[in-house]
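Please open the model in your viewer and keep the sequence panel beside it, since this tour moves from one selection to the next. At each stop, select the residues named and then read what is there.

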Amino acid sequence: MYRNLRWRLLLTVGVMLAALILVLPSAPGIKDTTLGKFLPDTAINLGLDLKGGIHLTLGVDVDKAIENNMASLGQDIKANSREENLALLRPTVLPGPRLEAVLVGADKQQAFEQLLLKQFSSLKIDSKEVQAEDKVKYLLSMTPEYKTYLSKLTMDQAVKTIRNRIDQFGVAEPDIRRQEGDRIQVQLPGLQDPERAIAVIGKTAHLEFKVVDDSVDPASARQGLLGPGRELSVIKSRGPKGAVTEAPIVLLKDAVMTGEYITDARATIEQNNNQFSVSLTFNARGAKVFERVTEENIKKRLAIVLDGKCYSAPVIQDKIAGGKAQITGNFSQEEARDLAIVLRAGALPAPVTVLEQRTVGPTLGQESIDAGVMATGIAALAIVLFMAVYYKTAGLFANTVLILNIVLTLAGLAAFGATLTLPGIAGIILTIVMAVDANVLIYERIREELRHGLVPSEAVHKGYDRATLTILDSNTTNVLVAIILYQFGTGPIRGFAVTLVLGIVMSMFTAIFVSRIMFDLYLSKRPADSAVSI
């Protein structure tokens, strides 16, 4: 019965030492001690409700993304039609969204429709109408399958882009997840500057390079005197006292280059005037495009437009090779750094609006921690007293493994990098009760075997063997329920599910394996027929 006791004892000691090493970095002030320098970086991450921070619910304008995609398809159709010697007037996006395309040459209908069928299977023809001057007007719309795919892709790209931006923002353990109704939930523990967070997360960051048309007077443009292919924008500038002003500027509507080619963006300081700017680096294709653009527009101004606002419009003095550019705009250090973050992380596929915003103060978070620790302590104390009084020596064994179970659960949270939330503390309290329940099942089985006349060693052996199957069966069901909660639940529910699963696994280890070692050690020092306190 007592064979293999030594290796089981060594295994338990090894597991507990590893657990202590994982848990100790979470102790307050431990990092400032000599011991803390030798511990791993496995401090338990605290959730928003315990640490304080910012909770945002964002709405993604998927319809705008679909409309933009339709406009892009229109440009592709026009370009491909030109390659097939088909004359197509500029496609126009209509509400719906639908795409209006006018084909010049009624005899080219079959060729154009064949082009749509082969190269643009995501579109379908809603109607066509033969017009005067040998023209045919087509109304096109997306297929339902492609529209559904595009909606899902837009949400996935939005979540990924927001995650990239937050990762570069330096927030530890953010919780970012997609919700129903084209919404994204963002929780940023430890962050207390909601305005800056919203500015970084919600900026669309659509970067365009457009040629400035200095031949048009901005004052006249304000009165609507704009030629075809022109648009009126504003250029931002910062005065000596930090005040931001905007002035009108006329641009060619079509961008000569976009920010899709950017591989890196850094906040830098200009040597000549100590002003902050953003340095851009393009990929190989982008470098070639930028070189061609600057060569074709020497002595013209090239406007750098971000989300519809012009930040700077330097004069192109010569062809620029090497794939580098710079955005100047009298930025503050924080503005330059944040702009570099959003450009480096990529543009959002659709505009994002803040639907809900909550800030949890660190004081409230500390109050939650204190309340959770008190609740856990009271629950544990009540159980410890009951077990010690009712089961005597065996109750002391149960109390010992109860403490080990809590330590192992916290070690599991630290090892997997999980986040401890207030519902997670509730999960720990529940697993304490479940751990004691497993011991109660075992002890009652042992009592039953003792009443049947078995000696203590045999009673313990049979009691553990018969109770183990019941414990495994009930806890397996509980684990499956917790997995379902994690899969379909949101932040707080997931936090509860994580601690519940870890607590159940650890309680089975301590109740079945560790407490058995304690009983074997206890009985090995006593005569075989001596009574036990249970």
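**Starting at Lys 135**

Begin by selecting Lys 135, which, with a relative accessibility of 22%, counts as partly exposed. Please keep in mind throughout that this is a predicted model. Now add Glu 133 to the selection, and look for the salt bridge that joins Glu 133 to Lys 135, where the closest N and O atoms are 3.5 Å apart. Glu 133 itself is exposed, its relative accessible area being 65%.

**Along strand β7**

Next, select residues 135–142, which make up strand β7, and within that strand pick out Leu 139. Is Leu 139 buried or exposed? Its relative accessible area is 12%, so Leu 139 is buried, the cut-off for that word being under 20%. To see what surrounds this side of the strand, show the residues in contact with Leu 139 beyond its neighbours within four places in sequence: they are Leu 94, Arg 98, Leu 99, Glu 100, Lys 124, Ile 125, Asp 126 and Ser 127. If you would like a distance to try in the viewer, pick the C-alpha atoms of Leu 139 and Gln 75, which lie 15 Å apart in space, while the two residues are 64 apart in sequence.

**From strand β6 to helix α4**

Move on to Lys 128 and Glu 113, which form a salt bridge with their closest N and O atoms 2.8 Å apart. This pair links distant parts of the chain, for Lys 128 belongs to strand β6 (residues 123–131) and Glu 113 to helix α4 (residues 109–119), with their positions 15 residues apart in sequence. Both partners can be coloured by accessibility: Lys 128 is partly exposed at 44%, and Glu 113 is also partly exposed, at 25%.

**Within helix α5**

Now select helix α5, residues 144–169, where Lys 152 and Asp 156 are separated by about one helical turn because they are 4 residues apart. A salt bridge connects Lys 152 with Asp 156, and the closest N and O atoms there are 2.9 Å apart. Lys 152 has a relative accessibility of 48% and counts as partly exposed, as does Asp 156 with 34%.

**A network to finish**

For the last selection, take Arg 8, Arg 516 and Asp 520, which are joined into one network by salt bridges that share partners. Should you wish to continue on your own, a search of the whole structure finds 21 salt bridges.

Notes
Residues are numbered from 1 along each chain as its sequence is written. This is a predicted model: local features need pLDDT of at least 70, side-chain atom pairs count only at pLDDT 80 or more; totals for chains, interfaces and linings use all residues. Side-chain values use heavy atoms; hydrogens and water are left out. Helices (H or I, at least four residues) and strands (E, at least two) are DSSP runs, numbered from the N terminus. Buried means under 20% relative accessible area, exposed over 50%, partly exposed in between (1.4 Å probe, protein chains only). Contact means heavy atoms within 4.5 Å. A salt bridge is a side-chain nitrogen of Lys or Arg within 4 Å of a carboxyl oxygen of Asp or Glu.
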